[in-house]
Amino acid sequence: MTWFTASRAPPEPHLPPGWRVMEFDSLDSTNAALKRIVEQEGDVQEGLMVWANTQTAGRGRAGRVWQSPRGNVYVSILIAAPESLAQAPELGFVAAVAVRETILELPRHNAGAPKVSCKWPNDILIEGEKVCGILPELTTDDQKRSWIVLGIGINLKTVALDRAAYPPTALSVHQIDTSPAHVLTVLTRSLFKWLQIWREQGFAAIRQQWCDCGPDLGANIAVGLPEGAVSGEFIGLDEDGALLLETRKGRRRIVVGDVLFPGSETGPATGENPDAAGD
Ligand code: BTN
């Protein structure tokens, strides 16, 4: 195990003040490891990160597996939960906005910028394919303080997967040739900034930013729900981040679900594809 601190940092990653990273070669899951640290060791601070080169039991949303070959970013970041836990899901949108900004800031070999967009609730797409998944999980320390373990997986190398619920891509496919440590430097800077904006200006500022790079208003969207897929026109995000759709049966407010790949509406809904990775 290696500890890097902001004051005694090697060339990379450079971290925001007070943030520190515990680096591992291989872990079951960085989310699981950071939760263990919070629950068993207590005395933790915002910005504590667990970073691994590979995971043997990477976790995705809705109980899915997140395949974790070497070369990609697997990190979990500890963030103090908002006073009202009802606002905790907002952090996933904060992270999505920060990851998108990070990708756009990374140096590219080609001139044109790729289209980097947000997919509800917390995924990042490049040219319509998934490059990043985010898994926020709540936990509590021994002093009963609530924390969010913010898990972020970013594909840097090509990810070849047969059965992903959403087609995956990687930064390298889009001429972005970088290292996990450099991504972590840019990502933590961006996340630090957007966390401050969220706390000072509220979720409205984040929602605006997310909507600017989310689906077009009026776009047809299908969402996988336990009872089956629902589709309709995207009419925005509600004040708490819920997805608003205008369906043939009227307006739907969706709090939990997965936006499906266009044309795959008849495919598996959430949680039915345990082998899927990259989604
Ligand atoms: C998703 O299903 O889209 C979320 C995937 C989140 C994967 C990341 S990788 C780092 C962290 N550790 C985990 O076990 N999962 C998250």
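What follows is a chat about a predicted model, its ligand and its empty spaces.

Colleague: Let's start with the ligand. What makes Gln55 a polar contact of the ligand?

Modeller: A polar contact is a pair of N or O atoms within 3.5 Å. Here a nitrogen atom of the ligand is 2.9 Å from an N or O atom in the side chain of Gln55, so that pair counts.

Colleague: And how do you know that Arg61 and Lys130 make polar contacts with the ligand?

Modeller: By the 3.5 Å limit again. An oxygen atom of the ligand is 2.6 Å from a polar backbone atom of Arg61, and an oxygen atom of the ligand lies 2.7 Å from a polar side-chain atom of Lys130. Both distances are within the limit, so both pairs are polar contacts.

Colleague: How much of the ligand does the protein bury?

Modeller: Taken alone, the ligand exposes 410 Å², and the protein buries 100% of that.

Colleague: What makes a residue part of the group around the ligand, and which ones are closest?

Modeller: A residue gets in if one of its heavy atoms lies within 4 Å of the ligand. That gives 20 residues, and the closest are Ser29, Gln55, Arg59, Arg61 and Lys130.

Colleague: Which elements give two or more residues to that shell?

Modeller: They are α1 (30-41), β4 (73-80), β7 (129-140) and β8 (146-154). The most comes from β7, with four residues. Sorted by class, the shell has six nonpolar, ten polar and four charged residues.

Colleague: Now the space itself. Why is the place where the ligand sits called a cavity and not a pocket?

Modeller: In a cavity a 1.4 Å probe fits but cannot get out, while a pocket is an open set of points. The ligand sits in the largest cavity, so a probe placed in that space could not get out.

Colleague: How do you know that the ligand "sits" there?

Modeller: The test is that more than half of its atoms lie within 2 Å of the cavity's grid points. The ligand sits in the largest cavity, so it passes that test.

Colleague: How many cavities are there, and what is the volume of the largest?

Modeller: Searching the whole structure turns up two cavities of 30 Å³ or more. The largest has a volume of about 200 Å³. It is lined by 22 residues, with Arg59, Trp66, Gly133, Leu135 and Gly151 closest to its centre. At least two lining residues come from each of α1, β4, β7 and β8, and β7 gives the most, with four.

Colleague: Why is Gly133 counted as polar in that lining?

Modeller: Gly is among the residues that count as polar, so Gly133, one of the closest to the centre of the largest cavity, goes in that class. In full, the lining has six nonpolar, ten polar and six charged residues.

Colleague: What about the largest pocket?

Modeller: About 460 Å³ of space lies in it. Of its 20 lining residues, Pro89, Pro121, Asn122, Pro136 and Val255 lie nearest its centre. Two or more lining residues come from each of α2 (90-105) and β7, and β7 gives the most, with four. The lining has 13 nonpolar, three polar and four charged residues.

Colleague: Pro121 caught my eye. What makes its peptide bond worth a look?

Modeller: The bond from Trp120 to Pro121 is cis, with omega near 0°. Pro121 is in the loop between β5 (116-119) and β6 (123-126).

Colleague: And what can you say about the phi of Lys144?

Modeller: Lys144 is not a glycine, yet its phi is positive, at about 70°. You'll find Lys144 in the loop between β7 and β8.

Definitions and conventions:
Residues are numbered from 1 along each chain as its sequence is written. This is a predicted model: local features need pLDDT of at least 70, side-chain atom pairs count only at pLDDT 80 or more; totals for chains, interfaces and linings use all residues. Side-chain values use heavy atoms; hydrogens and water are left out. A polar contact is a pair of N or O atoms within 3.5 Å; within protein, one must be able to donate a hydrogen and the other to accept it, and residues adjacent in sequence count only if both atoms are side-chain atoms. Accessible areas come from the Shrake-Rupley method with a 1.4 Å probe; for residues, only the protein chains shown count as cover. On a 1 Å grid over the protein atoms alone, a cavity is a set of points where a 1.4 Å probe fits but cannot get out, and a pocket is an open set with protein on both sides within 12 Å along at least five of seven lines; lining residues have an atom within 4 Å of a point. Grid points are joined across faces, edges and corners, and a volume is the space filled by probe spheres set on the points.
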